[in-house]
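User: I'm new to this one and would like to go through its charged residues. Could you show it to me and start with the basics?

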Amino acid sequence: MDYPAHVTDTAYRYDGSFQGFLCCVFESFARHELPAAIHPPEEGQTSLFGAREIPTDPRRAGRVAAALHRLGAPVERCVTSGFLADEAGKDLTLLHFLRLCFAQGPSAFWRMGDAPVAQAQALARRVDGEAGKYIEFLRFEEHGGMLGSIIHPRNRILPLLRGHFCSRLPDEEFVIFDATHGMALLCRGGRVQYLRMERFAPPPDGEEDAWKRLWQRFFHALTIEERRNERCQRTHAPKRYWQDMCEMAPEGRGQKSTTHPAEDMV
């Protein structure tokens, strides 16, 4: 089925939520137009022309979500993962990808020769790849009976970490604080919440510090200095993740400094 559209100079502005983005998709189809840009709140307007505010309507978003689900799991996962990318212009990239998939059907996902497909899949791969790294490298500390971790991801990957850690730690209360974007994933009392936070600074805990020092000594004791290969190490554990890994800190130092942007949760 063909969905013709004309290119317009108008930019869309929305509230930054996934539902809001789906409403932008609805607007594009309803008006048979392709906007010049789509701006979430954190992006300033880059168009010299007018902008249209797109309100978030759950009914419209639900219609688009149902249509997206009918396109199949690969397309749906590509859009939901790609939306978590912290890259300017990602919304417009995903809109072009969705228009192509709605026009050509689920098989459009495999047509890597089409630029919208290649660009959308590249977005999703970067987000999924980063989430996979943090599943491997994320380290928890225990303070007052609650597990806590501070991470510094490039993308908004907390929703992709939720399933893994909630299933692996079903009986634990924990918080994962994304210091880059000021968001936290909180699991407490069997409920999961996403919170906006500026700081996460757990109180000092002597027992936890002792366990960290023990783990650091164990890590350094296993190291064979003559076979140390930092280039290979950076390949398997990129250096930007080291600040969140207590074993990569010099022996005797804690995993994370309270100078990182964070907020107490009491």
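Analyst: Sure, one term to begin with: a salt bridge is a side-chain nitrogen of Lys or Arg within 4 Å of a carboxyl oxygen of Asp or Glu. This is a predicted model, so local features need pLDDT of at least 70 and side-chain atom pairs count only at pLDDT 80 or more, while totals for chains, interfaces and linings use all residues. Residues are numbered from 1 along each chain as its sequence is written, and side-chain values use heavy atoms, leaving out hydrogens and water.

User: How many salt bridges does that rule give?

Analyst: Side chains of opposite charge can pair when their charged atoms come close. Going by the rule above, the count is 8.

User: Which residue forms a salt bridge with Lys90?

Analyst: Lys90 lies in helix α4, residues 90–104 (helices are DSSP runs of H or I with at least four residues, strands are runs of E with at least two, and both are numbered from the N terminus). Lys90 is buried, at 7% relative accessible area (buried means under 20%, exposed over 50%, partly exposed in between, with a 1.4 Å probe and protein chains only). Its partner is buried too, and the N to O distance is 3.7 Å in this bridge with Asp91.

User: What separates Arg31 and Glu27 in helix α1?

Analyst: The two form a salt bridge, with their closest N and O atoms 2.5 Å apart. Arg31 is partly exposed at 43%, whereas Glu27 is buried at 9%. Because they sit 4 residues apart in helix α1 (residues 18–31), what separates them is about one helical turn.

User: Where is Arg52, which also forms a salt bridge with Glu27?

Analyst: The closest N and O atoms of Glu27 and Arg52 are 3.7 Å apart. This pair links distant parts of the chain, 25 residues apart: Glu27 is in helix α1, and Arg52 is in strand β5 (residues 51–53).

User: Which residues make up the network of salt bridges around Glu27?

Analyst: We've already met Arg31 and Arg52 as partners of Glu27. The whole network links Glu27, Arg31, Glu33, Arg52 and Arg60.

User: Which residues does Leu169 contact, apart from its neighbours in sequence?

Analyst: Leu169 is in the loop between α6 and β8. Contact means heavy atoms within 4.5 Å. Leaving aside neighbours within four places in sequence, the residues touching Leu169 are Phe140, Leu147 and Phe174.
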